[in-house]
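Me: I would like to go through this model label by label. For each term, please set the value against its definition and then conclude.

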Amino acid sequence: MKKLSRRHPNAQVRGGLYSRSRLKEFHDSVKTYSARFVRYGVCADGETTLLSNVQMDGQLMAAHIWIKKNMMETKLHRKLRGGDLLFFEASVAEYQRQSGSKSFGFINIRMKKIQANNGELILFP
């Protein structure tokens, strides 16, 4: 069994079961994903959104992923709250991290629906 990463205790080490490298096989194709909203953040490139438990068809694709604000539609009716479940379509693209290593992330994100913690369901056309 692989050791758990100290940085992300719920994720296995690089290249492990929950590594974003699983997204590689869906490079340049549009698929539907679900993920839990964790929090907003800020990086050198601007505002970001942290999502966890990223799944496709019930299969875990990544333990977490940061998304730049300009990659997401901004038509949300309200601010997201911790634990909100998002359903979205997106393409997978390779990118280079600030450290120089390569990884995979989402581009062209199109929200489908949000299941809020309070039971509210928000649908997008």
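Reply: A good starting point is the set Y33, F88 and F106, which form one aromatic cluster. This is a predicted model, in which local features need pLDDT of at least 70 and side-chain atom pairs count only at pLDDT 80 or more, whereas totals for chains, interfaces and linings use all residues. Residues are numbered from 1 along each chain as its sequence is written, and side-chain values use heavy atoms, with hydrogens and water left out.

Me: How many aromatic pairs does the structure hold, and why is the pair of Y33 and F106 called tilted?

Reply: The structure holds four aromatic pairs. For Y33 and F106, the ring centres are 4.6 Å apart and the planes meet at 55°. Rings of Phe, Tyr and Trp (its six-membered ring) pair if their centres lie within 6.5 Å, and planes under 30 degrees apart count as stacked, those over 60 as edge-to-face and the rest as tilted. The distance of 4.6 Å meets the first condition and the angle of 55° falls in neither of the named ranges, so the pair is tilted. This pair links distant parts of the chain, with Y33 in strand β1 (residues 30-43) and F106 in strand β5, 73 residues apart.

Me: What makes Y33 and F106 buried?

Reply: Buried means under 20% relative accessible area, exposed means over 50%, and partly exposed lies in between (1.4 Å probe, protein chains only). Y33 has 1% relative accessibility and therefore counts as buried, and F106, with a relative accessible area of 6%, is buried too. F37 and Y40 form a tilted aromatic pair, with 4.8 Å from centre to centre and 55° between the planes. Here F37 counts as buried at 4%, whereas Y40 is partly exposed, because its relative accessible area is 34%.

Me: How do you know which elements the chain contains?

Reply: Helices (H or I, at least four residues) and strands (E, at least two) are DSSP runs, numbered from the N terminus. By that rule the chain has zero helices and six strands, and the elements from the N terminus on run β-β-β-β-β-β.

Me: What makes strands β4 and β5 a pair?

Reply: Two strands pair if DSSP finds at least two bridges between them. Strand β4 (residues 85-96) and strand β5 (residues 102-115) have 11 bridges in the antiparallel sense, so the condition of at least two is met. They form a hairpin with five residues between them, and G100 in the turn has a positive phi of about 100°. Strand β5 also pairs in the antiparallel sense with strand β6 (residues 121-123), over three bridges. That hairpin likewise has five residues between its strands, with G119 in the turn at a positive phi of about 95°.

Me: What is the order of the strands in the open sheet, and which strands are at its edges?

Reply: The order is β3-β2-β1-β4-β5-β6, with antiparallel pairing. The edge strands are β3 (59-68) and β6, each of which pairs on one side only. Although β3 is an edge strand, seven of its 10 residues are buried, so it is largely enclosed by the rest of the structure.

Me: How do you know that the charged end of K113 sits over the ring of F87?

Reply: A charge sits over a ring if NZ of Lys or CZ of Arg is within 6 Å of the ring centre and within 35 degrees of the ring normal. The charged end of K113 is 4.8 Å from the centre of the F87 ring and is assigned as sitting over it. In the strands, F87 stands opposite K113 in β5, and K113 stands opposite L123 in β6.

Me: Why is D57 called exposed?

Reply: Its relative accessible area is 72%, and D57 is therefore exposed. D57 lies in the loop between β2 and β3, strands that form a hairpin with two residues between them, and D57 has a positive phi of about 50°.

Me: How confident is the prediction, by mean pLDDT?

Reply: The mean pLDDT (the predictor's confidence in each residue, from 0 to 100) is 78, and 76% of the residues reach 70 or more. Over residues 1-17 the pLDDT is below 50, and beyond near neighbours in sequence this stretch has 22 contacts in the model, a contact being heavy atoms within 4.5 Å. Where pLDDT is low, the predicted coordinates should not be read in detail.
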